[in-house]
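User: I'm new to this structure and would like a close look at a single part of it. Could you pick one helix and walk me through it, then show me what lies around it?

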Amino acid sequence: MARPRIGVIGIGLMGLPIAQRLAEQGYAVRVRDVDPQRVALAAPLPAADDAAALAAACDVLIVVVVDARQTDDVLFGPRGAADALRPGQTVLLCPTIGPDDTERIAAALQARGVEAIDAPMSGGPARARDGTMSLMVACPDDVFARHEPLLRTMASRLFRVGTRAGDGARTKLVNNLLAAVNLAGAAEALALAVQLGLDAARTLEVIEQSSGQSWIASDRLRRALAGDDAPRAATALLAKDAALALAAARAVGPEPVLGAAAAAVFAQACADGDAARDDACLFERAIARGR
């Protein structure tokens with residue numbers, strides 16, 4: 001069976017390595033981004049002039065933008081992909097967005113005869129580049145079977161969470177709320193270690209081999225201790241995701257107490273001007289609060 005032609009729209013920190021990974025694995029890949037500098041980074045992959053042109057030239061469109069507004073823009077805005085999508089095509093929805101938005105977008109695509117795969121991602125740019133990131137996938141069984149080789153090329157950690165559009169989004173929000181709690185808590189704990197006169201790096205080694213360990217804490221706090229502030233995961237992203245998770249929680253019951261506290265930490269960091277900084281900055285902020 002011939003491999004599908006791939007269009008990747010959104011060549012940011014995740015979209016670029018996804019496009020490069022698929023091209024490296026033999027897929028024909030085209031890209032689109034509103035930022036010419038991001039498109040240049042994707043060279044020599046061919047670029048489309050707009051989302052409609054990209055959709056016309058591919059079989060599977062992978063959407064890797066930031067939020068629901070951008071997803072709506074690239075799909076249904078002026079010269080959006082929906083202008084050119086054909087029955088039988090497939091759209092992978094990879095942004096972290098609310099489940100209601102996922103359901104709405106999937107229904108709008110299906111009304112056009114286009115299949116939607118709810119497939120939010122996790123793992124960061126390095127894992128996207130080598131195909132070891134996670135995808136949380138919800139779609140009908142036949143759609144999954146047809147696209148499983150592509151999905152496994154993108155993600156060695158492939159989780160089939162259901163057939164209902166929105167369940168991928170729900171799973172991702174649960175994960176990311178816990179990630180926000182873990183990072184906010186780890187930043188405060190390591191800041192406390194410094195205030196107690198402990199060596200931060202040695203303390204982090206202990207945590208990594210003990211009950212306080214979490215992947216996001218190791219990833220972010222190692223960078224913070226090394227003075228590496230290159231933005232790989234903007235603070236605004238987990239702030240957005242935590243807020244979406246709380247909104248989903250309020251729709252079904254009480255707001256999670258620790259989740260709300262972590263969301264407030266991220267919201268305050270954004271309000272203080274750190275939205276575009278890597279979220280490892282939470283350690284620096286915790287240190288500052290303790291002075």
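Analyst:

**A close look at helix α5**

Helix α5 covers residues 99-110, and its 12 residues reach 16 Å from the first C-alpha to the last, close to the 16 Å expected at 1.5 Å a residue. Please keep in mind that this is a predicted model.

Which residues of α5 are buried? They are Pro99, Thr102, Ile105, Ala106 and Leu109. Looking down the axis of α5, you would find these buried residues within an arc of 125°, so they line one face of the helix. An α-helix has 3.6 residues a turn, so residues three or four places apart point the same way. The partners of the buried residues in α5 are α4, β4, β5 (115-118) and α8 (167-195), against which they pack.

One of those partners, α8, is a good place to go next. Leucine 173 belongs to helix α8, and its relative accessibility of 2% makes it count as buried. Setting aside residues up to four places away in sequence, leucine 173 touches Thr96, Ile97, Gly98, Pro99, Asp241, Leu244, Ala245 and Ala248. Pro99 is also among the buried residues of α5, which ties this spot back to our helix. Valine 257 is 84 residues from leucine 173 along the chain, and the C-alpha atoms of the two are separated by 16 Å.

Now step back to the loop between β4 and α5, where you will find cysteine 94. Is cysteine 94 buried or exposed? Its relative accessible area is 1%, and it is buried. Apart from neighbours within four places in sequence, cysteine 94 is in contact with Ile62, Val63, Ala119, Pro120, Met121 and Met154. Proline 78 is 16 residues from cysteine 94 in sequence, and 21 Å separate the two in space, C-alpha to C-alpha.

The strand β4 has another loop to visit. Arginine 79 sits in the loop between α4 (68-76) and β4 (90-93). Although arginine 79 is not a glycine, it has a positive phi of about 55°. Most residues other than glycine have a negative phi, and most peptide bonds are trans. With a relative accessible area of 47%, arginine 79 is partly exposed.

Met154, one of the contacts of cysteine 94, leads us to another helix. Met154 is among the buried residues of α7, along with Val143, Phe144, His147, Leu150, Leu151 and Thr153. Helix α7 (residues 141-154) has 14 residues and spans 19 Å between its first and last C-alpha, close to the 20 Å expected at 1.5 Å a residue. At histidine 147, α7 bends by about 60°, and proline 149 follows within four residues. Phenylalanine 144 has a charged companion too: arginine 160 lies over the face of its ring, at 4.5 Å from the ring centre. A similar arrangement involves arginine 3, which lies over the face of tyrosine 27 at 4.7 Å from the ring centre. As for rings paired with rings, a search of the whole structure finds zero aromatic pairs.

To finish, here is one more peptide bond to look for. From alanine 43 to proline 44 the bond is cis, with omega near 10°, and proline 44 is in the loop between α2 (36-41) and α3 (51-56).

Note on methods. Residues numbered from 1 in each chain as written. Predicted model: local features only at pLDDT ≥ 70, side-chain atom pairs only at ≥ 80, totals over all residues. Heavy atoms only, no water. Phe/Tyr/Trp six-rings, centres within 6.5 Å; stacked < 30°, edge-to-face > 60°. Lys NZ or Arg CZ within 6 Å of the ring centre and 35° of its normal. Helix = DSSP H or I, 4+ residues; strand = E, 2+ residues; numbered from the N terminus. Buried < 20%, exposed > 50% of the residue type's maximum accessible area, 1.4 Å probe, protein only. Expected span 1.5 Å × (residues − 1). Bend = angle between axes of the 7 residues up to and from the residue. Arc of directions from axis to C-beta. Contact = heavy atoms within 4.5 Å.
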